[in-house]
Amino acid sequence: MQVLLMRPNVRLEYLQVSNLVGLCPMRIYVAIHNLVEFTNLRCPHLAVELGRYAYVMTPGGIIMVQETLKTVAPILMTQQRIITIMTIKLSFSENILDINDVINVRSYGAPGSCELGGATWLEAGVAPYDSLLAVLRFIYRLVQRKLPRHRMWVLIASPAWQPDTRITRYHKLWGALKARGIEISHACEASEYVVASNEGVKFFGSICISELSLPSVAKALLAEKSAYILSCSGQSTMEQLVETGWRGELGHDMALIESVTKSDSLLFKVLGEFDDRERGLVGIGKPNLLRDFCN
């Protein structure tokens with residue numbers, strides 16, 4: 001057993017266990033917390049709040065522990081820990097084009113040469129925003145650890161054809177979203193392009209996100225149905241995928257999904273409607289890539 005010292009009063013231990021969901025070895029993290037009291041006469045009204053996240057991977061799923069540290073009260077400073085525990089359920093299928101427990105896309109059809117693996121990360125029991133944000137944080141850190149050359153992008157498209165007017169073309173995609181109060185913060189390399197037809201115009205956009213972006217990303221994904229998260233390596237790969245276009249429905253976006261799998265990328269989509277208990281993400285990619293990602 002190996003012990004990692006995060007702070008003098010917090011110890012993390014991990015053991016190898018067998019994950020019954022994916023039948024693969026996973027780590028189980030146990031955080032041991034102690035209550036610390038100390039006196040600070042120089043700053044009698046000091047107030048500090050910090051957040052920290054740990055993940056406990058068990059046979060039944062992945063548990064996220066959110067620890068909020070609050071230091072309050074005059075003279076005698078006491079660290080109070082508020083622990084929020086969220087269980088993220090993982091399911092994996094080598095072939096989502098066949099009958100499986102992850103997601104059904106068989107009825108829509110898919111290219112015969114395309115092998116699709118799928119996985120879901122779902123959380124139940126808290127508000128939709130909190131559930132989705134917990135899953136997003138877990139996936140983002142998993143990408144950093146398992147796919148260090150990848151960057152993560154948010155893809156958003158206009159949900160329907162819009163009138164081809166000067167105002168529409170002035171706001172485009174990101175401007176229109178901002179006018180509605182949807183803005184992805186701490187992001188970079190935003191781009192967009194327009195497709196015109198006799199029905200009007202549609203906009204497709206991409207933006208590279210950071211971990212600090214995730215709270216605003218969660219809000220955007222809950223508000224915009226024509227949205228995906230893409231994990232890929234290289235700017236050119238992302239641009240080629242964006243040019244494919246999408247509707248925001250997995251069954252109707254098989255051209256995008258096929259391009260994602262051929263480029264060794266991963267595509268994520270929000271799962272869960274307003275009345276569903278579980279909320280999270282479904283990931284799609286090459287079976288071997290997704291299997292390694294989940295292990």
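**Strand 11 and Ser213 at a glance**

Buried residues account for 45% of the 295 residues in this protein chain. Keep in mind that this is a predicted model. The chain has six helices and 14 strands, and this briefing zooms in on strand 11 and on Ser213, in the loop that follows that strand on the way to helix 3.

**The chain overall**
- If you look at contacts between residues at least 6 apart in sequence, 62% of them join residues at least 24 apart.
- The chain exposes about 15300 Å², and carbon and sulfur atoms supply 54% of that.

**Strand 11 and its partners**
- Strand 11 covers residues 200-208, and nine of its nine residues are buried.
- With strand 10 (residues 188-197), strand 11 pairs in the antiparallel sense over eight bridges.
- Those two strands make a hairpin, with two residues between them.
- Within that pairing, look for Val194 opposite Phe203 of strand 11.
- Strand 9 (residues 151-157) also runs antiparallel to strand 11, joined by five bridges.
- Here Trp153 has Cys208 of strand 11 as its bridge partner.

**Ser213**
- Ser213 sits in the loop between strand 11 and helix 3 (214-223).
- Is Ser213 buried or exposed? Ser213 is buried, because its relative accessible area is 0% and the cut-off for buried is under 20%.
- A polar atom of the Ser213 side chain lies 2.7 Å from the backbone oxygen of His186.
- Leaving aside residues up to four places away in sequence, Ser213 touches Ile184, Ser185, His186 and Ala187.

Definitions and conventions
Residues are numbered from 1 along each chain as its sequence is written. This is a predicted model: local features need pLDDT of at least 70, side-chain atom pairs count only at pLDDT 80 or more; totals for chains, interfaces and linings use all residues. Side-chain values use heavy atoms; hydrogens and water are left out. Helices (H or I, at least four residues) and strands (E, at least two) are DSSP runs, numbered from the N terminus. Buried means under 20% relative accessible area, exposed over 50%, partly exposed in between (1.4 Å probe, protein chains only). Contact means heavy atoms within 4.5 Å. Accessible areas come from the Shrake-Rupley method with a 1.4 Å probe; for residues, only the protein chains shown count as cover. A polar contact is a pair of N or O atoms within 3.5 Å; within protein, one must be able to donate a hydrogen and the other to accept it, and residues adjacent in sequence count only if both atoms are side-chain atoms. Two strands pair if DSSP finds at least two bridges between them.
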